[in-house]
Amino acid sequence: MLRCGNNSLSKLDVSKNTSLLYLFCYQNSLTSLDVSNNTELVTFYCGDNKLTSLDVSKNTKLTTLTCYKNNLSSIDVSKNMELVIFNCFSNAFSVLDVTNNTKIETMNLVDQTVAVTATYSDGYYRISLADLVGKDNISNVSVETADVSISGNYLVYKNKLSSLVYNYTVKNATISKAMNVTLNITVGSSSSFTASLSTCEISSLTNVAKGIKIKWNQVSGASGYIIYRKTTTGSYSKVKTIKSGSTVSYTDKKIADQNGTVYTYKVIPYSGSTKGSGTEVTTARLTGISLTSVKNSAAGKAKVKWTATTNVDGYQIQYSTSSSFASGKKKTVSGASKSSKTLTGLVKGSTYYVRIRTYKTVNGTKYYSAWSSKLKVKITK
């Protein structure tokens with residue numbers, strides 16, 4: 001054990017003390033400290049110094065680390081997985097990752113000061129949540145300061161602030177910690193600032209029972225999205241305004257249930273009066289059909305029947321011994337007028353689940369309807 005706290009030390013060399021377990025050097029004037037050789041350290045107090053950096057990557061046995069009231073802008077504790085107590089308040093961290101430190105029971109980051117930039121446009125100031133807590137923690141932020149709200153991936157407020165208090169939660173296997181942080185805010189560019197929103201990309205268009213489901217990628221900084229739709233010969237019309245930057249799906253139920261009708265969609269992100277762009281994606285509307293019967297018609301066979309529909313290219317049948325259709329097989333039946341198909345190679349004594357959907361090829365792309373409800377049949381022959 002080495003106790004040398006409450007002094008005026010500007011230098012401390014512990015490189016030869018390789019068996020050191022406990023080091024107390026708080027309340028000195030240390031600007032640097034090398035503990036890379038002290039691999040046996042379990043308790044380390046270095047708070048209230050002038051440290052600008054601290055490397056504890058070799059101190060993997062640490063259970064207690066207090067480094068409060070220094071000038072640290074970052075610290076890597078990913079290797080310190082035995083940490084139980086971690087006090088690091090009154091530094092200059094912008095992001096602190098403790099996802100590997102699943103044994104932490106006490107953690108103090110109160111009075112943390114961070115300098116960030118707020119941008120101004122459309123009468124509002126905006127601070128990026130990613131700048132405050134890191135992009136992986138954006139969804140865990142709440143605000144305590146009055147008249148400050150969260151919109152998309154930004155903190156938004158109308159009147160100038162000199163400080164701000166917010167909470168965010170660090171989650172891993174065993175801990176959930178809230179950290180209050182006060183920020184000194186430097187207001188950035190003037191009202192001429194123009195927000196930049198990246199292109200919104202549609203990830204999928206899917207036929208569902210009551211419409212077409214649109215999914216898109218979330219755009220950083222967007223406070224919402226505007227969905228547009230057009231037919232092959234028409235122009236774009238607005239379908240829906242989504243007033244949340246974190247919403248990334250919507251089902252368009254206002255389309256005509258006409259098999260084969262081709263629709264093109266785009267999703268435009270917005271923040272205030274600023275709008276981004278969106279990629280165009282096309283699909284064909286296909287309504288589902290129902291199975292009328294599935295019967296064990298002969299040895300190892302089942303005859304599947306359905307009501308034929310129009311303006312499709314054919315049908316796809318899926319069957320499996322699993323009700324969730326895991327490892328299910330698929331058979332394609334060409335021709336809209338077809339209304340039955342015999343499945344072969346089925347195992348006697350097994351129960352099979354069967355469902356069906358329609359398909360149509362438009363400009364070289366095959367589109368499908370939603371799956372029908374499933375029927376089951378037991379193979380007794």
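What follows is a conversation about how the labels given to parts of this predicted model are justified.

Colleague: Let's start broadly. How many helices and strands are there in the protein?

Modeller: The protein has 1 helix and 30 strands. Of its 381 residues, 44% are buried. The accessible surface comes to about 18900 Å², and 44% of that belongs to carbon and sulfur atoms.

Colleague: Now to the charged pairs. What makes Glu40 and Lys61 a salt bridge?

Modeller: The rule asks for a side-chain nitrogen of Lys or Arg within 4 Å of a carboxyl oxygen of Asp or Glu. The closest N and O atoms of Glu40 and Lys61 are 2.8 Å apart, so the pair meets the rule. Glu40 sits in the loop between strands E2 and E3, and Lys61 in the loop between E3 and E4, so the salt bridge ties together parts that are 21 residues apart in sequence.

Colleague: Why are Glu40 and Lys61 called partly exposed?

Modeller: Partly exposed covers the range between under 20%, which is buried, and over 50%, which is exposed. Glu40 has 29% relative accessibility, so it falls in that range. Lys61, at 39%, gets the label for the same reason.

Colleague: What does the salt bridge of Glu82 with Lys103 tie together?

Modeller: The closest N and O atoms of Glu82 and Lys103 are 2.8 Å apart. Glu82 lies in the loop between E4 and E5, while Lys103 lies in the loop between E5 and E6, so this pair ties together parts that are 21 residues apart in sequence. Glu82 is partly exposed because its relative accessibility is 34%, and Lys103 is partly exposed because its value is 42%.

Colleague: By this rule, how many salt bridges does the count come to?

Modeller: The count comes to 3. Asp252 also forms a salt bridge, with Arg229, and here the closest N and O atoms are 2.7 Å apart. This pair links distant parts of the chain, with Asp252 in strand E19 and Arg229 in strand E17, 23 residues apart.

Colleague: Are Asp252 and Arg229 buried or exposed, and how do you know?

Modeller: Buried means under 20% relative accessible area. Asp252 has 0%, so it is buried. Arg229 has 14%, so it is buried as well.

Colleague: Since Arg229 is in E17, what makes that strand mostly covered?

Modeller: In strand E17, 6 of the 8 residues are buried.

Colleague: And how do you know which strands E17 pairs with?

Modeller: Two strands pair if there are at least two bridges between them. E17 has 8 bridges to E20, so these two pair, and they run antiparallel. One opposing couple there is Lys230 and Thr264. E17 also has 5 bridges to E18, again in the antiparallel sense, so that pair qualifies too. Ser237 in E18 is the bridge partner of Arg229, and the E17–E18 hairpin has 5 residues between its strands.

Colleague: What about the hairpin of E28 and E29: how many residues lie between the strands?

Modeller: There are 2 residues between them, and Asn363 takes a positive phi near 50 degrees. The strands run antiparallel and are joined by 4 bridges, with Val362 standing opposite Thr365.

Colleague: In the sheet E23-E24-E27, why are E23 and E27 called edge strands?

Modeller: The sheet is open, with 3 antiparallel strands in that order. Strands E23 and E27 each pair on one side only, and that puts them at the edges. Neighbouring strands are turned by 20 degrees against each other on average, direction ignored. E23 and E24 share 5 bridges, and Lys295 stands opposite Lys303 there.

Colleague: Why is Met1 called exposed, whereas Tyr154 is partly exposed?

Modeller: Exposed means over 50%. Met1 reaches 61% relative accessibility, so it counts as exposed. Tyr154 has 21%, so it counts as partly exposed. Met1, found in the segment before strand E1, joins Leu21 and Tyr22 in a nonpolar surface patch of about 290 Å².

Colleague: Which residues does Tyr154 contact, leaving aside neighbours within four places in sequence?

Modeller: Among them are Arg126, Ser128, Leu129 and Gly221. Tyr154 is in strand E11. Ser128 is 26 residues from Tyr154 in sequence, yet their C-alpha atoms are 4.7 Å apart in space.

Methods. Residues numbered from 1 in each chain as written. Predicted model: local features only at pLDDT ≥ 70, side-chain atom pairs only at ≥ 80, totals over all residues. Heavy atoms only, no water. Patch = residues over 30% accessible without salt bridge, like charges linked within 9 Å, V, L, I, M, F, W, Y side chains within 5 Å. Areas by Shrake-Rupley, 256 points an atom, 1.4 Å probe, with all protein chains shown as cover. Buried < 20%, exposed > 50% of the residue type's maximum accessible area, 1.4 Å probe, protein only. Axes fitted to C-alpha atoms, helices over the stretch in contact; angles between N-to-C directions. Contact = heavy atoms within 4.5 Å.
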